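Trainee: I am new to this structure. Please take me through the terms and how each one is reached.
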Amino acid sequence: MKDRFSNIRDKVLSQERLEFEDGLFLFESHDIAGIGQLADIIRKRLNGNRAYYVYNQHINYTNVCISHCQFCAYAKNTGDSGAYAWTVSDIRQRILSRIDEPITELHIVGGLNPDLPLQYYAELLETAREVRPGATLKAFTAVELDFIARNAALSVEDVIGRLKNAGLGMLPGGGAEVMSSRIHDSLFPRKINGKRWLDIMEMAHGSGLMTNATMLYGHIETHAERLSHLMALRDLQDRTSGFCAFIPLAFHSANTGLSHLPATTAFDDLKTIAISRLMLDNFPHIKAYWVMIGEKLAQLALSFGADDLDGTIIEERISHEAGATSPKGLTRDQLKYLITSAGYDPVERDAFYRPIS
Ligand code: V47
Ligand code: SF4
């Protein structure tokens, strides 16, 4: 009789979907090379020898947040030292300060700041669209959209419609954390739960917006909870096909309520990326987000299922406040070098993975 790993390999080769128990077996396995090879089969099937990167700029418009998630080192209360909320004119200046660079994606996210009305978000987008007409505005997580809608006493559908008119082009994948009521109640009880996050993503997909999806791993979650999260994303993707990329986010504990926890290991980072690639057979892209795991491991992850390094970033704040030691940005040449020296063909892409010629 074949062993479990060979059965999983047979499924991967015959394009049969892996089940929860298969994923659990792989998470419990220490055969990192074997898992990586399986993930590479799917990576090659979907993306050939291509490895993507994007010329992007992050704009974190405020760090004031009422949610107080235990894993967050970024958020502040109004009036705290270091608390900020950029005006629309500040944001115009931020974008203008990089106007000579060929940026094609603006990644715009921030805290849940009760002082900012819907009009602020609309003007922010209108300004970004005016200053950077060619770039996709990938802005506001499902968590922010829920908060904006509640503050404005509107439905999330109405808010999405209003923000699309102002230039919203896509939603980033943040805020999902790990979809488990145990973890929600323990680490982020004030924020929307997994079901609401999925509902809002489904609304966004229904309105024609593509989105990404993330999973924050390496804190108190179990392997089974990671898998439930992946399966929930896979189910929604079966219904909507609205997800572009999945991004596993390695937890950084410094300056958070979980600062006693150790950093994730390279072994776990690679395994999580590879198993994500294997379970999320309907997701076109898996990102190795170099900001969280460092450039060297992100490069290696290209052979463990990932096909995208994300981007130049320029001013990342969320993980750096939590102790990330990666640089705050990479140049296009640095990204290309990481890709070519791993034997892949670099493809500069836009937010929707269309190649930039
Ligand atoms: O939602 C918060 C996570 C996310 C910490 O969609 C932390 O293309 C690690 O979602 N350690 C924001 N992670 C980042 C994000 C993202 C990043 C890159 C690309 C895309 C995309 C999305 O960061 C938050 C939260 O899950 N986070 N604190 C921490 N201490
Ligand atoms: Fe606020 Fe996001 Fe930090 Fe949670 S993770 S406290 S919602 S900024």
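Trainee: Why is aspartate 268 called buried or exposed?

Mentor: Aspartate 268 has 16% relative accessibility. Buried means under 20% relative accessible area, exposed over 50%, and partly exposed in between, with a 1.4 Å probe and protein chains only. Aspartate 268 therefore counts as buried. This is a predicted model, in which local features need pLDDT of at least 70, side-chain atom pairs count only at pLDDT 80 or more, and totals for chains, interfaces and linings use all residues. Residues are numbered from 1 along each chain as its sequence is written, chains are lettered from A and ligands numbered from 1 in the order in which they are written, and side-chain values use heavy atoms, with hydrogens and water left out.

Trainee: What is proline 327 called by that rule?

Mentor: Proline 327 has a relative accessible area of 28%, so the term is partly exposed. Its place is the loop between helix H14 (318–321) and helix H15 (332–340); helices are DSSP runs of H or I with at least four residues, strands are E runs of at least two, and both are numbered from the N terminus.

Trainee: Which helix holds aspartate 268, and what does its side chain contact?

Mentor: Aspartate 268 is in helix H11 (residues 266–279). Its side chain makes a polar contact with the side chain of arginine 226, at 3.0 Å. A polar contact is a pair of N or O atoms within 3.5 Å; within protein, one must be able to donate a hydrogen and the other to accept it, and residues adjacent in sequence count only if both atoms are side-chain atoms.

Trainee: What distances separate ligand 1 from glutamate 177 and lysine 287?

Mentor: An oxygen atom of ligand 1 is 2.4 Å from a side-chain N or O atom of glutamate 177. For lysine 287, the distance from a ligand oxygen to a side-chain N or O atom is 2.7 Å. Taken alone, ligand 1 exposes 620 Å², and the protein buries 94% of that, by the Shrake-Rupley method with a 1.4 Å probe.

Trainee: How many residues surround ligand 1, and what makes a residue count?

Mentor: There are 22, and the closest are Lys138, Gly173, Glu177, His252 and Lys287. A residue is near a molecule if one of its heavy atoms lies within 4 Å of it.

Trainee: How do the residues around each ligand divide by class?

Mentor: The shell of ligand 1 has 11 nonpolar, 7 polar and 4 charged residues. For ligand 2 the division is 5 nonpolar, 2 polar and 1 charged. Ala, Val, Leu, Ile, Met, Phe, Trp, Tyr, Cys and Pro count as nonpolar, Asp, Glu, Lys and Arg as charged, and the others, Gly among them, as polar.
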